[in-house]
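Reader: Hello! Could you take me on a close look at the salt bridges in this model, and at where their partners sit?

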Amino acid sequence: MPELPEVEVVRAGLERWVVGRALGPVEVLHPRSVRRHAAGAADFSGRLSGRTAVSADRRGKYMWLTLDSGDALLAHLGMSGQLLVQPGGGPDERHLRVRLGLPADGRELRFVDQRTFGHLMVAPLVPAAGGGALPDVIAHIAADPMDPLFDEEAFTAALLRRRTEIKRVLLDQSLISGIGNIYADEALWRSRLHWARPASGLRPARVAELLGHVRAVLAEALAEGGTSFDSLYVNVNGESGYFERGLKAYGREDEPCERCGAPIRREAFMNRSSYSCPRCQPRPRGAAAGARR
């Protein structure tokens, strides 16, 4: 699933190609892609047609276009969603779900989603804690560590109260947003922390060090256009990211750790996989071993 760097790359593309332009006509080709818009596809289209996008914004893994109506066109890419800016009249993608015209220059904004886990919806904006505005349905999502509104002191205090694995805390979007399985594993590898390390046992200085690695890996991935393991994640121009080449842990089962040479291990975690170095990231005492997958 796309994480902060991938979503930010798409948001930046929307800012370049869509902001300042009117939308319409709007065509919903698959109702599942607007399933979260409770009023239905016709209302979705009606609330977008003729509206102008005034900014492109993001919170964690969600992005939205702020409209001149005071609403937001909110997007979540799910596992395979793509927002593509294409020439009008060009051939439709096989999994095209929603088409939004950009009549000013004849282009189209297309939502393509093979697995239909992603979605679009129109939602009202509400004031966000610390400033700005958010779509009301994601008001519970925390700021991400790259956001100037991110409160590191409050996050550290909340983390130290959690008696659960440190990786589970990093994936909790109500505490810190934008981090998923890939970048959690990468930050933990850089921090030499095993994913099962109890969060409450860390010192504040260790949390600050971990956050530094989180920010560094996100910034490096963003500079490379995100991570692409297949053709499903692309930016608005259909181009893939290249950070996969810089991964140190995730997806590298049995490959040598770049620090010590020990083979990277893969363990089951929350119905997914977690990758770590058995030597650099020793499993904490008392932690159950994750089943090797």
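Author: Happy to; here is a walk through some of the charged pairs. This is a predicted model, where local features need pLDDT of at least 70, side-chain atom pairs count only at pLDDT 80 or more, and totals for chains, interfaces and linings use all residues. Residues are numbered from 1 along each chain as its sequence is written, and side-chain values use heavy atoms, with hydrogens and water left out.

Side chains of opposite charge can pair when their charged atoms come close. A salt bridge here is a side-chain nitrogen of Lys or Arg within 4 Å of a carboxyl oxygen of Asp or Glu, and that rule gives 25 salt bridges.

One of them joins Glu152 to Arg215, with 3.2 Å between the closest N and O atoms. This pair links distant parts of the chain, 63 residues apart: Glu152 belongs to helix H3 (residues 152-160) and Arg215 to helix H6 (residues 204-223). Helices (H or I, at least four residues) and strands (E, at least two) are DSSP runs, numbered from the N terminus.

For accessibility, buried means under 20% relative accessible area, exposed over 50%, and partly exposed in between (1.4 Å probe, protein chains only). Glu152 is partly exposed at 28%, and Arg215 is partly exposed at 25%.

Another salt bridge brings Glu258 and Lys248 together at 2.8 Å, N to O. Both lie in the loop between H6 and strand E10 (265-269), 10 residues apart. Lys248 is partly exposed, with 22% relative accessibility.

Arg265 and Glu267 also pair, their closest N and O atoms 3.8 Å apart, and both residues are buried. Finally, shared partners connect Glu27, Asp92, Glu93, Arg99, Glu108 and Arg110 into one salt-bridge network.
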